[in-house]
Amino acid sequence: MQEIDINWDTLERLRNRFLDTAKPAGVYWQSEEDLAHYHHTFAARIGWKWDNALAEANQAGFQLQARRILDWGCGSGIATLRVLAHFGPDAIDEVLLWDHSLAACRFAKKTIRDAYPNLKVEIAAAPSTADTDTLVLVSHALTELSQDTQDALAKQISSAAQILVVEPGDYSASRKLIALRETLRTDFHIAAPCTQCEACPMLTVENGRHWCHFFGKPPVEAFTESFWARFAQLMEIDLRSLPYSFLAVQNKTLSPPHPSQFTIHPSAASRLIGRPRQFKGYTRLLSCDSAGIRDLELQKRDDKQLWKALKKGPASTLFQWTEIEDPTARLKSGRPL
Ligand SMILES: C[S@@+](CC[C@H](N)C(=O)[O-])C[C@H]1O[C@@H](n2cnc3c(N)ncnc32)[C@H](O)[C@@H]1O
């Protein structure tokens, strides 16, 4: 897939930088080449996560209601590119890019303009308050922010129309995202992944070991192209697994999704967290909904169809549990939505 000769040393340096979360990241893009190599590899994989997150958000009733995009911590611009591909370029009038690396902003601007020559793409002069007609995108940036910077970001985006965040699927990224969710939920309706807008049940002491994460489906090329096999081997990344966390919210001043958009209302649905664990004759799974976080057990004989769907890896992580036997938390039946 790549149109450039990948410099694997550059990728390794960047990868080490991303993994070293103990130190403040600082500005690490050293050149346009850094961004080009990143864009064709790590960013492409982040793009796969965006495709999955956008599909989940859509299913939960998230529809574009803004005409401008602000891509915060834009890097090479992959989040904007995936969002434009998802909603169509005609849905957006203008893209504003912000990154503390000017090289990143310039690279993203060029990449987006090359793909969408008629779209207005500007670089923000400084981190500024998002306007009320703006969809804010944050992609794999939270993990690089100090608490103070994350707090400042939350303030800057608090008047935005909508916000989409996609981050890695590990514990610390998910916990940072949950903290952002808690800050935003006074002013924003949470469309996904939550099926309710109250306090996140992950924050109770007994749920402290869990984190809100999902596994996306990588595209076929991740399995068929020799380039991706080489990338996986050299970067020691298992491309079959695409863990991510995400958040899709919209300002409470906007009209909520119409009930006709749903097969069942989200508040009656449950979100499957992580991966179901398979055992002989039964499956255990972590479910999140208005009842909180529950570790449910499904016997194969109770609902073979649901058991199969969970084993196969469902297309979406939204489910309706139709019967749960309490207090054993034994799931008797349900269906993917
Ligand atoms: C891992 S990269 C992700 C880039 C891009 N959003 C993506 O998903 O590919 C993190 C980006 O956040 C930017 N960044 C980190 N801290 C920042 C800050 N305090 N202000 C603005 N940008 C920041 C970095 O320069 C980098 O481009």
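Mentor: A polar contact is a pair of N or O atoms within 3.5 Å, and we shall use that cut-off on this structure, which is a predicted model.

Trainee: Which backbone atom lies 3.2 Å from a nitrogen atom of the ligand?

Mentor: That is a polar backbone atom of histidine 100, and with a separation of 3.2 Å from the ligand nitrogen the pair falls within the 3.5 Å limit. The protein as a whole covers 94% of the 590 Å² of accessible area that the ligand has on its own.

Trainee: What other polar atoms of the protein should I look for around the ligand?

Mentor: Look at glycine 73, where a polar backbone atom is 2.7 Å from a nitrogen atom of the ligand, and then at tryptophan 29, which places a polar side-chain atom 2.9 Å from a ligand oxygen.

Trainee: How many residues surround the ligand, and which are the closest?

Mentor: There are 19 of them, the closest being Trp29, Tyr38, Gly73, Asp99 and Ser139. Sorted by class, this shell has 11 nonpolar, 6 polar and 2 charged residues, and the space that the ligand takes is the largest pocket.

Trainee: How many disulfides does the structure hold?

Mentor: It holds 0 disulfides. For cysteine 105, the nearest cysteine sulfur belongs to cysteine 74 and is 4.2 Å away, whereas a disulfide needs two cysteine sulfur atoms within 2.5 Å.

Trainee: Why does cysteine 200 form no bond with cysteine 194?

Mentor: Cysteine 194 has the closest cysteine sulfur, but because 6.2 Å separates it from the sulfur of cysteine 200, the two are too far apart for a bond.

Trainee: Are cysteine 105 and cysteine 200 buried or exposed?

Mentor: Cysteine 105 is buried, with a relative accessible area of 1%, and cysteine 200 also counts as buried, at 8% relative accessibility, because buried means under 20%.

How values were computed
Residues are numbered from 1 along each chain as its sequence is written. This is a predicted model: local features need pLDDT of at least 70, side-chain atom pairs count only at pLDDT 80 or more; totals for chains, interfaces and linings use all residues. Side-chain values use heavy atoms; hydrogens and water are left out. Buried means under 20% relative accessible area, exposed over 50%, partly exposed in between (1.4 Å probe, protein chains only). A residue is near a molecule or strand if one of its heavy atoms lies within 4 Å of it. A polar contact is a pair of N or O atoms within 3.5 Å; within protein, one must be able to donate a hydrogen and the other to accept it, and residues adjacent in sequence count only if both atoms are side-chain atoms. Accessible areas come from the Shrake-Rupley method with a 1.4 Å probe; for residues, only the protein chains shown count as cover. On a 1 Å grid over the protein atoms alone, a cavity is a set of points where a 1.4 Å probe fits but cannot get out, and a pocket is an open set with protein on both sides within 12 Å along at least five of seven lines; lining residues have an atom within 4 Å of a point. A molecule sits in a cavity or pocket if more than half of its atoms lie within 2 Å of its grid points. Ala, Val, Leu, Ile, Met, Phe, Trp, Tyr, Cys and Pro count as nonpolar, Asp, Glu, Lys and Arg as charged, and the others, Gly among them, as polar.
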